[in-house]
Amino acid sequence: MMDLKERDRKYVWHPFTPQRPQPEILPVKKAFDCTLVLEDGREVIDAISSWWVNLHGHGNKYIAEAAAKQARELEHVIFAGFTHEPAVQLAERLIGVLPGDQAKVFYSDNGSTATEVGMKMAFQYFWNKGEQHRRRIISFEGAYHGDTFGAMSVGDRGPFSQPFFPYLFDVDAIPYPESGKEYRTIEQFREVAERGDVAAFIYEPLVQGSGGMRMYSPKVLDELLSVAKEHGILCIADEVMTGFGRTGNLFASEYMEHKPDIMCLSKGLTGGTLALGVTTCVEKVYEAYLQEDIMKTFFHGHSFTANPIACAVANASLDMLLSLECQDSIQEIVKRHEVFAEKAQSFAFAKNIRQRGTILALEYDAGEQASYFNKSRNYLYESFLKKGILLRPLGNVVYILPPYVISEKELNAVYAAIEDVFNQ
Ligand SMILES: *Cc1c(COP(=O)(O)O)cnc(C)c1O
């Protein structure tokens, strides 16, 4: 009998994982709170919420109960022509807490589908209104909106999507609003917007996640949103990563005065337990689909659209997220990060230390260009793992994005590991 690692090696192909040299894959036996228990008994602190999804810790009992209860009652049903309590309840509650006046909830099953739906919804909005000339989309350089073709098209044209360049649609990629050079972004945005052929602007509000936890100011985003609205361009906030408390507010869009017309959610939506995606829109967008002409229908859906177990789990996660206890934990993390960010200024190899809410990032200054394939990346990843901490640097960018249940002791262990590595 082969052990788990060998069987994995024989049959499984892992995401975002170079296959040569043979990757080191760690079998996880179980997990609780912020702790991953490996098969060999080692314990690892999950400081990145298992790819930014987990909010309330692993093995959360309240979520497990909600999943089990729903699985016994109604595990799944076709969502065309049928509905169920968990999906309706979740939609009602999301509309209640989302910024601005989001009005309708469209379900899918991951972050990439949430953004695909957002873009299709926007394109067809103009098509339905007979404004077919509006077919362009504005995105930021360095953006990440998922790995499907539409999402790749509006994402950064970098090494990850290079084999697919010939298949991606053309977009108006404007410069990322780097601090001090915001005017460039605003000027170019205005120029493109004034052409009159733009349907939508898609953006990760305040933090570009996969692009390297790059953070920009609410002020510049507000200005871009205002220009977009002036020109009738739909604003699509991709809050797949920033949603559900990560930025210190429930949603990053709360930091701006101008609110999105379409919002994309996933990751933290179910507290990180099950796959679920949501795209919401304001009434104006939905109204363009309120027509007798069958050709004006939004013909989009997925087999597992609004899966009842996933929706029930999302409701359970929302219960916890909105509790005073969880809101306090979020603010605690924010404060602790602030103290650590200050301290990190003195680390020998640290630069560009930055924070937005519960997300803290700093760059390992090894004198190389920052990129995902940066040599420091593997060194950093391995160094933290050896110390029993899961941090998964993006190039030379090390970031902490913890579940909200992380204890003071665990957070201090993460800080200490970073201090150690950044001073060596
Ligand atoms: C992760 C992510 C996505 C894609 O979500 P998946 O569930 O991985 O497909 C889209 N947008 C942003 C901002 C993300 O961080």
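1. Asp 238 meets the ligand through a polar side-chain atom, 2.7 Å from a ligand nitrogen. The protein buries 84% of the 380 Å² that the ligand exposes when taken alone (areas by the Shrake-Rupley method with a 1.4 Å probe; for residues, only the protein chains shown count as cover). This is a predicted model: local features need pLDDT of at least 70, side-chain atom pairs count only at pLDDT 80 or more, and totals for chains, interfaces and linings use all residues. Residues are numbered from 1 along each chain as its sequence is written, and side-chain values use heavy atoms, with hydrogens and water left out.

2. Two oxygen contacts deserve a look. The side chain of Ser 112 places an N or O atom 2.6 Å from a ligand oxygen. Gly 111 uses a backbone N or O atom instead, 2.8 Å from an oxygen of the ligand.

3. Which residues are around the ligand? Among them are Trp 52, Tyr 144, His 145, Glu 204 and Lys 267 (a heavy atom within 4 Å). The shell divides into 4 nonpolar, 5 polar and 3 charged residues (Ala, Val, Leu, Ile, Met, Phe, Trp, Tyr, Cys and Pro are nonpolar; Asp, Glu, Lys and Arg are charged; the others, Gly among them, are polar).

4. The largest nonpolar core has 96 residues (buried Ala, Val, Leu, Ile, Met, Phe, Trp, Tyr and Cys joined through side-chain atoms within 4.5 Å). Phe 201 is one of those with the most contacts inside it. Phe 201 touches Ile 138, Phe 189 and Cys 235, among others (heavy atoms within 4.5 Å). A second, separate core of 24 residues includes Ala 199 and Tyr 289.

5. The structure holds 0 disulfides (pairs of cysteine sulfur atoms within 2.5 Å). For Cys 34, the nearest cysteine sulfur, in Cys 326, is 12 Å away. Cys 34 is buried, at 0% relative accessible area (buried is under 20%, exposed over 50%, partly exposed in between; 1.4 Å probe, protein chains only).

6. Why is Cys 281 without a bond? Its closest cysteine sulfur, in Cys 264, is 11 Å away, too far for a bond. Cys 281 is also buried, at 4%.

Methods
A polar contact is a pair of N or O atoms within 3.5 Å; within protein, one must be able to donate a hydrogen and the other to accept it, and residues adjacent in sequence count only if both atoms are side-chain atoms. Lists of a residue's contacts leave out its neighbours within four places in sequence.
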